[in-house]
Amino acid sequence: MTLRFAAKAAFPLLFLLASLAAAQTITTPPVKMGLWQSESTTTVAGMENMPMGGAMAPHKIVSQSCFTPDTWQKDLQGARREQQKMNCTISGFHQDSHRISLDEQCSPHQNMTTTMHIDMLIDSDTAMHGTIAMKMSAPNLPQGMTMKSEIASHFVSSDCGDVKPGHARVLQH
C-alpha cells in the first residue's frame with residue numbers, strides 16, 4: 001500500500017484520472033488531453049515515532065504527464081483491475097463540469113486498511129486543483145497514519161513532446 005501511495009503522490013493527475021476510472025466513469029474528464037504539469041505537496045502525520053519519520057516532512061513533487069483518449073481507456077481498465085486486487089470500494093462519487101469528488105475504502109491488504117477522500121475542482125479545461133486525504137491503519141502502525149496532498153495541475157500543450165502517453169516525468173522531487 002505504501003508503494004501504491006508513493007506512485008499516486010508522484011503523479012497526482014494520473015492518480016485522479018485512475019480513481020475516476022475506478023469509480024466507473026466511462027467518459028473522459030472535462031479537461032484537455034495532452035501534456036499536463038502537476039505540483040503536489042504532501043504532508044504525513046503519524047510517522048513521528050517510526051525510524052523514517054523525520055523524512056516524512058512536507059514534500060513537494062512536480063511532474064508532467066501525457067494523457068490521450070486512448071491512454072484514458074487503458075487507465076480505466078487498469079484501475080478497475082487494481083481496485084479489485086486491492087479489495088477497494090468507491091462511494092460518494094460526484095462529477096460535474098466543475099468538481100470531482102469521491103471516497104475510497106480498501107479492506108485489509110497486507111494487513112493495512114486505507115480510506116481516502118478526493119476533492120478536485122476543475123477551474124477550466126486547462127486547470128484544476130484540489131486535495132487527496134488518506135488514512136491508513138495497520139497492526140504495526142497502531143497510531144495510524146494520515147497523508148494529505150494539495151494538488152494544482154495545469155495543461156501545458158496538446159503535444160506531449162518526449163513524455164510518452166500514459167507515463168509521467170518527475171521534474172522536481
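**Figure 1. Two disulfides are present in the predicted model.** When the bonded cysteines of the chain are numbered in sequence order, they pair as 1-4 and 2-3. The individual links are presented in the two views that follow.

**Figure 2. Close-up of the disulfide between cysteine 66 and cysteine 160.** The two sulfur atoms are 2.0 Å apart, and the link is right-handed, with 85 degrees about the S-S bond. Cysteine 66 belongs to strand β2 (residues 59–67), whereas cysteine 160 sits in the loop between β7 and β8 (168–172), so the disulfide ties together parts that are 94 residues apart in sequence. Cysteine 66 is buried, at a relative accessible area of 2%; cysteine 160, at 10% relative accessibility, also counts as buried.

**Figure 3. Close-up of the disulfide between cysteine 88 and cysteine 106.** The S to S distance is 2.0 Å. This link of cysteine 88 and cysteine 106 is right-handed, with 100 degrees about the S-S bond. Cysteine 88 lies in strand β3 (residues 88–95) and cysteine 106 in strand β4, 18 residues apart. Both cysteine 88 and cysteine 106 are buried.

**Figure 4. Close-up of the aromatic pair formed by tryptophan 36 and phenylalanine 155.** The count of aromatic pairs comes to 1. The rings of tryptophan 36 and phenylalanine 155 meet edge-to-face, with 6.0 Å centre to centre and 70 degrees between the planes. The pair links distant parts of the chain, as tryptophan 36 is in strand β1 (residues 34–45) and phenylalanine 155 is in strand β7 (residues 141–157), 119 residues apart. Tryptophan 36 has a relative accessible area of 1% and is buried; phenylalanine 155 is likewise buried, at 17%.

**Figure 5. Close-up of the polar contact between the side chains of threonine 42 and serine 149.** This contact spans 2.7 Å. Threonine 42 is located in strand β1 and is buried, with a relative accessible area of 8%.

**Figure 6. Close-up of the largest nonpolar core, comprising 22 residues.** Ile118, Met136, Met145 and Met147 have the most contacts inside this core. At least two core residues are supplied by each of β1, β4 (99–109), β5 (112–124), β6 (127–138) and β7. These strands form part of a chain with 3 helices and 8 strands, arranged along the sequence as α-α-β-β-α-β-β-β-β-β-β. Of the 173 residues of the chain, 42% count as buried. Among contacts between residues at least 6 apart in sequence, 63% join residues at least 24 apart.

Conventions. Residues are numbered from 1 along each chain as its sequence is written. This is a predicted model: local features need pLDDT of at least 70, side-chain atom pairs count only at pLDDT 80 or more; totals for chains, interfaces and linings use all residues. Side-chain values use heavy atoms; hydrogens and water are left out. Rings of Phe, Tyr and Trp (its six-membered ring) pair if their centres lie within 6.5 Å; planes under 30 degrees apart count as stacked, over 60 as edge-to-face and the rest as tilted. Helices (H or I, at least four residues) and strands (E, at least two) are DSSP runs, numbered from the N terminus. Buried means under 20% relative accessible area, exposed over 50%, partly exposed in between (1.4 Å probe, protein chains only). Contact means heavy atoms within 4.5 Å. A nonpolar core is a set of buried Ala, Val, Leu, Ile, Met, Phe, Trp, Tyr and Cys residues joined through side-chain atoms within 4.5 Å. A polar contact is a pair of N or O atoms within 3.5 Å; within protein, one must be able to donate a hydrogen and the other to accept it, and residues adjacent in sequence count only if both atoms are side-chain atoms. A disulfide is a pair of cysteine sulfur atoms within 2.5 Å.
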